[in-house]
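Below are some comments on the model, set out as numbered points. Please read them with the structure open.

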Amino acid sequence: SSQPAPAEKPAEAPKPEWTADQSAQKYKDCWDQFNRKDWTAFRSCYNPAITVEAVDSGRPVASGLVAAIKDAQDFVAAFPDVAGAPQLVLASKDTVAGLAVITGTHGGPLPGPGGNPIPATNKKIGYMFGLVTEIGEGAVVKERQYADNTTLLAQLGVIKAPTRQLMASATTAPTVVLSTGSDTERANVETFRANMKAFNDRDVKTLADMNAADGVFHDYTQPKDFHGKANIAALGELFKGFPDAKLEAATSWGAGDYVVTEGTFSGTNTGAVPTMGIKKPSGKSARVRFLEITKIEGGKIKEDWLVFDSAAFAGQLGL
(Lines give C-alpha, C1' and ligand atoms only; values in the text may rest on other atoms or scores of the structure.)
Protein backbone atom coordinates (compact mmCIF):
# COMPACT_ATOMS: atom_id res chain seq x y z
CA SER A 1 0.00 0.00 0.00
CA SER A 2 1.23 3.57 -0.68
CA GLN A 3 2.38 5.74 2.20
CA PRO A 4 0.79 9.18 2.68
CA ALA A 5 3.04 12.07 1.55
CA PRO A 6 4.68 13.90 4.45
CA ALA A 7 3.01 17.16 5.28
CA GLU A 8 4.89 20.21 4.02
CA LYS A 9 6.22 22.59 6.65
CA PRO A 10 4.41 25.90 6.54
CA ALA A 11 6.57 28.64 5.07
CA GLU A 12 7.95 31.06 7.64
CA ALA A 13 6.34 34.46 7.42
CA PRO A 14 8.87 37.08 6.25
CA LYS A 15 9.99 39.55 8.88
CA PRO A 16 8.23 42.87 8.49
CA GLU A 17 10.53 45.46 6.95
CA TRP A 18 12.13 47.92 9.37
CA THR A 19 10.70 51.41 8.91
CA ALA A 20 11.89 55.00 9.21
CA ASP A 21 9.39 55.47 12.03
CA GLN A 22 10.98 52.60 13.97
CA SER A 23 14.44 54.10 13.40
CA ALA A 24 13.27 57.45 14.77
CA GLN A 25 11.71 55.77 17.80
CA LYS A 26 14.90 53.76 18.43
CA TYR A 27 16.89 56.99 18.33
CA LYS A 28 14.63 58.68 20.90
CA ASP A 29 14.54 55.57 23.12
CA CYS A 30 18.34 55.38 23.21
CA TRP A 31 18.59 59.02 24.26
CA ASP A 32 16.09 58.33 27.03
CA GLN A 33 18.06 55.31 28.23
CA PHE A 34 21.29 57.32 28.19
CA ASN A 35 19.69 60.15 30.15
CA ARG A 36 18.41 57.67 32.76
CA LYS A 37 21.87 55.97 32.85
CA ASP A 38 20.04 52.66 32.29
CA TRP A 39 23.05 50.83 30.89
CA THR A 40 21.27 47.46 30.70
CA ALA A 41 18.63 48.90 28.39
CA PHE A 42 21.16 51.12 26.61
CA ARG A 43 23.13 48.05 25.50
CA SER A 44 20.19 47.08 23.30
CA CYS A 45 20.74 50.27 21.27
CA TYR A 46 23.92 48.86 19.79
CA ASN A 47 24.74 45.98 17.47
CA PRO A 48 27.66 43.90 18.88
CA ALA A 49 29.76 45.15 15.93
CA ILE A 50 29.07 48.80 16.80
CA THR A 51 31.65 51.52 16.08
CA VAL A 52 31.37 54.92 17.78
CA GLU A 53 33.39 57.78 16.29
CA ALA A 54 33.76 61.21 17.88
CA VAL A 55 34.56 62.96 14.61
CA ASP A 56 37.84 64.91 14.53
CA SER A 57 38.13 64.79 18.33
CA GLY A 58 41.40 62.86 18.32
CA ARG A 59 39.79 60.12 20.41
CA PRO A 60 40.13 56.58 19.02
CA VAL A 61 37.06 54.94 17.50
CA ALA A 62 35.26 52.77 20.08
CA SER A 63 34.79 49.37 18.44
CA GLY A 64 32.48 46.72 19.87
CA LEU A 65 29.76 46.78 22.49
CA VAL A 66 32.02 46.93 25.55
CA ALA A 67 34.04 49.87 24.21
CA ALA A 68 30.92 51.75 23.07
CA ILE A 69 29.23 51.46 26.48
CA LYS A 70 32.45 52.47 28.24
CA ASP A 71 32.72 55.52 25.96
CA ALA A 72 29.27 56.70 27.11
CA GLN A 73 29.98 55.86 30.77
CA ASP A 74 33.28 57.78 30.70
CA PHE A 75 31.43 60.93 29.64
CA VAL A 76 28.88 60.41 32.41
CA ALA A 77 31.77 60.04 34.88
CA ALA A 78 32.92 63.54 33.86
CA PHE A 79 29.37 64.97 33.83
CA PRO A 80 27.28 62.88 36.27
CA ASP A 81 24.08 64.85 35.58
CA VAL A 82 24.57 64.98 31.81
CA ALA A 83 21.47 64.86 29.62
CA GLY A 84 20.81 65.12 25.92
CA ALA A 85 17.64 66.84 24.70
CA PRO A 86 16.94 65.98 21.05
CA GLN A 87 15.75 69.03 19.09
CA LEU A 88 15.52 67.63 15.57
CA VAL A 89 15.32 63.98 14.44
CA LEU A 90 15.51 63.11 10.73
CA ALA A 91 15.07 59.43 9.90
CA SER A 92 15.18 57.00 7.02
CA LYS A 93 14.83 53.27 7.61
CA ASP A 94 18.60 52.80 7.90
CA THR A 95 19.98 56.19 9.01
CA VAL A 96 18.99 58.77 11.62
CA ALA A 97 20.56 62.21 11.95
CA GLY A 98 19.75 64.65 14.66
CA LEU A 99 20.68 67.60 16.82
CA ALA A 100 20.51 67.55 20.61
CA VAL A 101 21.42 70.06 23.31
CA ILE A 102 23.86 68.53 25.81
CA THR A 103 23.71 69.94 29.34
CA GLY A 104 25.43 68.95 32.56
CA THR A 105 27.88 69.86 35.32
CA HIS A 106 31.58 69.02 35.16
CA GLY A 107 31.98 66.92 38.28
CA GLY A 108 34.71 64.44 37.34
CA PRO A 109 37.92 64.06 35.30
CA LEU A 110 37.47 64.69 31.57
CA PRO A 111 40.01 63.45 29.00
CA GLY A 112 41.54 66.61 27.57
CA PRO A 113 43.77 67.57 24.66
CA GLY A 114 46.74 65.22 24.45
CA GLY A 115 45.02 62.76 26.76
CA ASN A 116 45.68 64.72 29.95
CA PRO A 117 42.59 64.65 32.20
CA ILE A 118 40.90 67.94 33.05
CA PRO A 119 39.99 67.97 36.77
CA ALA A 120 36.41 68.79 37.73
CA THR A 121 35.66 72.49 37.35
CA ASN A 122 32.06 72.20 38.66
CA LYS A 123 31.06 74.46 35.77
CA LYS A 124 27.97 73.88 33.66
CA ILE A 125 27.91 73.08 29.96
CA GLY A 126 25.23 73.57 27.30
CA TYR A 127 26.09 73.03 23.63
CA MET A 128 24.73 71.58 20.40
CA PHE A 129 25.61 67.99 19.56
CA GLY A 130 25.13 66.31 16.19
CA LEU A 131 24.57 62.56 16.05
CA VAL A 132 24.27 60.27 13.04
CA THR A 133 23.44 56.58 13.49
CA GLU A 134 23.34 53.83 10.89
CA ILE A 135 20.88 51.09 11.83
CA GLY A 136 20.89 47.44 10.85
CA GLU A 137 18.60 44.67 12.15
CA GLY A 138 17.04 47.06 14.63
CA ALA A 139 20.26 48.22 16.30
CA VAL A 140 22.92 50.87 15.70
CA VAL A 141 25.86 49.58 13.68
CA LYS A 142 27.74 52.86 13.26
CA GLU A 143 27.53 56.08 15.26
CA ARG A 144 29.19 59.38 14.38
CA GLN A 145 29.26 62.21 16.91
CA TYR A 146 29.80 65.84 15.88
CA ALA A 147 30.61 68.48 18.50
CA ASP A 148 32.75 71.59 18.91
CA ASN A 149 35.39 70.94 21.56
CA THR A 150 36.39 74.62 21.55
CA THR A 151 32.91 75.45 22.85
CA LEU A 152 33.09 72.72 25.49
CA LEU A 153 36.54 73.73 26.75
CA ALA A 154 35.65 77.45 26.74
CA GLN A 155 32.48 76.81 28.73
CA LEU A 156 34.61 74.94 31.28
CA GLY A 157 37.04 77.87 31.44
CA VAL A 158 39.94 75.68 30.30
CA ILE A 159 40.63 77.92 27.29
CA LYS A 160 39.71 81.48 26.38
CA ALA A 161 37.77 81.77 23.15
CA PRO A 162 34.70 83.64 21.90
CA THR A 163 32.03 80.99 22.13
CA ARG A 164 28.31 80.38 22.59
CA GLN A 165 26.71 81.04 25.90
CA LEU A 166 25.27 78.01 27.68
CA MET A 167 22.49 76.54 25.58
CA ALA A 168 19.33 75.05 27.03
CA SER A 169 16.82 72.76 25.37
CA ALA A 170 14.42 74.76 23.21
CA THR A 171 11.75 72.08 23.28
CA THR A 172 10.32 69.25 25.36
CA ALA A 173 9.70 67.11 22.28
CA PRO A 174 11.89 67.07 19.16
CA THR A 175 10.73 67.77 15.64
CA VAL A 176 10.68 64.38 13.91
CA VAL A 177 10.66 64.10 10.11
CA LEU A 178 10.66 60.80 8.21
CA SER A 179 12.27 60.35 4.82
CA THR A 180 9.81 59.11 2.17
CA GLY A 181 11.88 59.30 -1.02
CA SER A 182 9.56 61.98 -2.42
CA ASP A 183 10.18 64.21 -5.42
CA THR A 184 10.42 67.17 -3.04
CA GLU A 185 13.22 65.47 -1.08
CA ARG A 186 15.13 64.71 -4.27
CA ALA A 187 14.69 68.31 -5.47
CA ASN A 188 15.93 69.63 -2.13
CA VAL A 189 19.07 67.48 -2.32
CA GLU A 190 19.75 68.88 -5.80
CA THR A 191 19.26 72.42 -4.47
CA PHE A 192 21.77 71.76 -1.73
CA ARG A 193 24.27 70.33 -4.22
CA ALA A 194 23.87 73.44 -6.38
CA ASN A 195 24.52 75.56 -3.29
CA MET A 196 27.67 73.56 -2.55
CA LYS A 197 28.86 74.03 -6.13
CA ALA A 198 28.32 77.79 -5.83
CA PHE A 199 30.41 77.73 -2.65
CA ASN A 200 33.23 75.85 -4.38
CA ASP A 201 33.04 78.32 -7.29
CA ARG A 202 33.18 81.24 -4.82
CA ASP A 203 29.98 82.48 -6.51
CA VAL A 204 28.69 84.85 -3.83
CA LYS A 205 25.85 86.18 -6.00
CA THR A 206 24.38 82.72 -6.57
CA LEU A 207 24.78 81.91 -2.88
CA ALA A 208 22.90 85.09 -1.99
CA ASP A 209 20.13 84.22 -4.47
CA MET A 210 19.77 80.70 -3.06
CA ASN A 211 19.43 81.85 0.55
CA ALA A 212 16.10 83.20 1.81
CA ALA A 213 16.25 86.87 2.77
CA ASP A 214 15.13 85.98 6.31
CA GLY A 215 17.24 82.83 6.48
CA VAL A 216 19.12 81.80 9.63
CA PHE A 217 22.53 80.12 9.68
CA HIS A 218 23.46 78.34 12.92
CA ASP A 219 27.23 77.72 12.95
CA TYR A 220 27.75 76.27 16.42
CA THR A 221 31.44 77.19 16.44
CA GLN A 222 30.36 80.85 16.38
CA PRO A 223 29.10 82.88 19.36
CA LYS A 224 25.91 83.91 17.54
CA ASP A 225 23.77 82.92 14.58
CA PHE A 226 24.02 84.70 11.22
CA HIS A 227 20.82 86.20 9.81
CA GLY A 228 20.09 87.03 6.18
CA LYS A 229 22.83 89.06 4.52
CA ALA A 230 25.19 88.60 7.49
CA ASN A 231 25.65 84.97 6.44
CA ILE A 232 26.66 85.98 2.92
CA ALA A 233 29.06 88.60 4.30
CA ALA A 234 30.68 85.91 6.48
CA LEU A 235 31.09 83.68 3.42
CA GLY A 236 32.79 86.53 1.55
CA GLU A 237 35.21 86.91 4.44
CA LEU A 238 35.86 83.16 4.48
CA PHE A 239 36.69 83.14 0.75
CA LYS A 240 39.25 85.92 1.26
CA GLY A 241 40.92 83.96 4.05
CA PHE A 242 40.71 80.59 2.27
CA PRO A 243 40.76 81.29 -1.50
CA ASP A 244 40.82 77.55 -2.25
CA ALA A 245 38.02 76.67 0.20
CA LYS A 246 36.24 73.49 -0.86
CA LEU A 247 33.25 71.51 0.35
CA GLU A 248 32.82 67.82 -0.43
CA ALA A 249 29.74 65.79 0.46
CA ALA A 250 30.25 62.19 1.57
CA THR A 251 26.50 61.62 1.94
CA SER A 252 23.48 63.83 1.31
CA TRP A 253 19.85 62.75 1.72
CA GLY A 254 16.43 64.29 2.22
CA ALA A 255 13.74 64.06 4.88
CA GLY A 256 10.76 66.29 4.18
CA ASP A 257 12.01 69.88 3.87
CA TYR A 258 15.39 68.95 5.33
CA VAL A 259 18.64 67.79 3.74
CA VAL A 260 21.25 65.96 5.83
CA THR A 261 24.86 66.19 4.66
CA GLU A 262 28.06 64.75 6.09
CA GLY A 263 31.15 66.02 4.36
CA THR A 264 34.50 67.75 4.57
CA PHE A 265 35.74 71.32 4.38
CA SER A 266 39.29 71.93 3.23
CA GLY A 267 41.32 75.02 2.49
CA THR A 268 44.59 76.91 2.91
CA ASN A 269 44.62 79.96 5.15
CA THR A 270 46.26 82.86 3.29
CA GLY A 271 44.26 85.77 4.71
CA ALA A 272 42.64 87.06 7.88
CA VAL A 273 39.20 85.75 8.90
CA PRO A 274 38.11 87.88 11.90
CA THR A 275 34.83 85.99 12.47
CA MET A 276 36.89 82.81 12.97
CA GLY A 277 39.43 84.53 15.22
CA ILE A 278 42.14 84.40 12.52
CA LYS A 279 43.90 87.76 12.65
CA LYS A 280 47.05 86.73 10.81
CA PRO A 281 47.14 84.05 8.10
CA SER A 282 48.98 80.87 9.06
CA GLY A 283 49.71 79.72 5.52
CA LYS A 284 48.68 76.23 6.62
CA SER A 285 45.98 73.95 5.30
CA ALA A 286 43.16 72.32 7.24
CA ARG A 287 40.62 69.61 6.53
CA VAL A 288 37.70 68.92 8.88
CA ARG A 289 34.51 66.90 8.70
CA PHE A 290 31.08 68.37 9.35
CA LEU A 291 27.42 67.59 9.80
CA GLU A 292 25.10 70.06 8.09
CA ILE A 293 21.31 70.05 8.18
CA THR A 294 19.59 72.39 5.76
CA LYS A 295 15.92 73.36 5.62
CA ILE A 296 14.78 74.31 2.13
CA GLU A 297 11.49 76.01 1.32
CA GLY A 298 10.46 77.03 -2.18
CA GLY A 299 13.90 76.21 -3.53
CA LYS A 300 15.65 78.54 -1.07
CA ILE A 301 17.65 77.80 2.07
CA LYS A 302 15.50 78.91 4.99
CA GLU A 303 17.58 77.59 7.88
CA ASP A 304 20.90 75.82 8.22
CA TRP A 305 22.60 74.03 11.13
CA LEU A 306 26.35 73.30 11.04
CA VAL A 307 28.34 71.26 13.57
CA PHE A 308 32.08 70.54 13.40
CA ASP A 309 35.09 70.59 15.72
CA SER A 310 36.79 73.98 15.45
CA ALA A 311 39.47 72.79 17.90
CA ALA A 312 40.67 70.31 15.27
CA PHE A 313 40.47 73.06 12.62
CA ALA A 314 42.51 75.50 14.72
CA GLY A 315 45.04 72.82 15.62
CA GLN A 316 45.73 72.02 11.98
CA LEU A 317 46.26 75.72 11.27
CA GLY A 318 48.65 76.00 14.20
CA LEU A 319 46.45 78.51 16.04
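1. The model is predicted, and the points that follow should be read with that in mind. Strand 1, which covers residues 46-54, pairs with strand 2 (residues 62-63) in the antiparallel sense through two bridges, and with strand 8 (residues 139-146) in the parallel sense over five bridges.

2. Threonine 51 is a useful residue on which to follow both pairings: its bridge partner in strand 2 is serine 63, while in strand 8 the partner is lysine 142.

3. Helix 1 comprises the 16 residues 20-35, and because each residue should add 1.5 Å, a span of 22 Å is expected, with which the 23 Å between its end C-alpha atoms agrees. The buried residues of this helix include Tyr27, Cys30, Trp31 and Phe34, but also Lys26 and Gln33. After helix 1 comes lysine 37, which has a positive phi, near 55 degrees.

4. The largest nonpolar core contains 37 residues, and those with the most contacts inside it are Trp31, Phe34, Phe42, Tyr46 and Phe79. Among the elements that give two or more residues to this core are helix 1, helix 2 (39-42), strand 1, strand 3 (83-91) and strand 7 (124-136), whereas the largest share, six residues, is supplied by helix 3.

5. Phenylalanine 79, once its neighbours within four places in sequence are set aside, is in contact with Gly104, Thr105, His106, Leu110, Ile125, Leu152 and Leu156. Apart from the largest core lies another, of 30 residues, which includes Leu207, Phe217, Val259 and Val288.

Notes
Residues are numbered from 1 along each chain as its sequence is written. This is a predicted model: local features need pLDDT of at least 70, side-chain atom pairs count only at pLDDT 80 or more; totals for chains, interfaces and linings use all residues. Side-chain values use heavy atoms; hydrogens and water are left out. Two strands pair if DSSP finds at least two bridges between them. Helices (H or I, at least four residues) and strands (E, at least two) are DSSP runs, numbered from the N terminus. The expected span of a helix is 1.5 Å times one less than its number of residues. Buried means under 20% relative accessible area, exposed over 50%, partly exposed in between (1.4 Å probe, protein chains only). A nonpolar core is a set of buried Ala, Val, Leu, Ile, Met, Phe, Trp, Tyr and Cys residues joined through side-chain atoms within 4.5 Å. Contact means heavy atoms within 4.5 Å.
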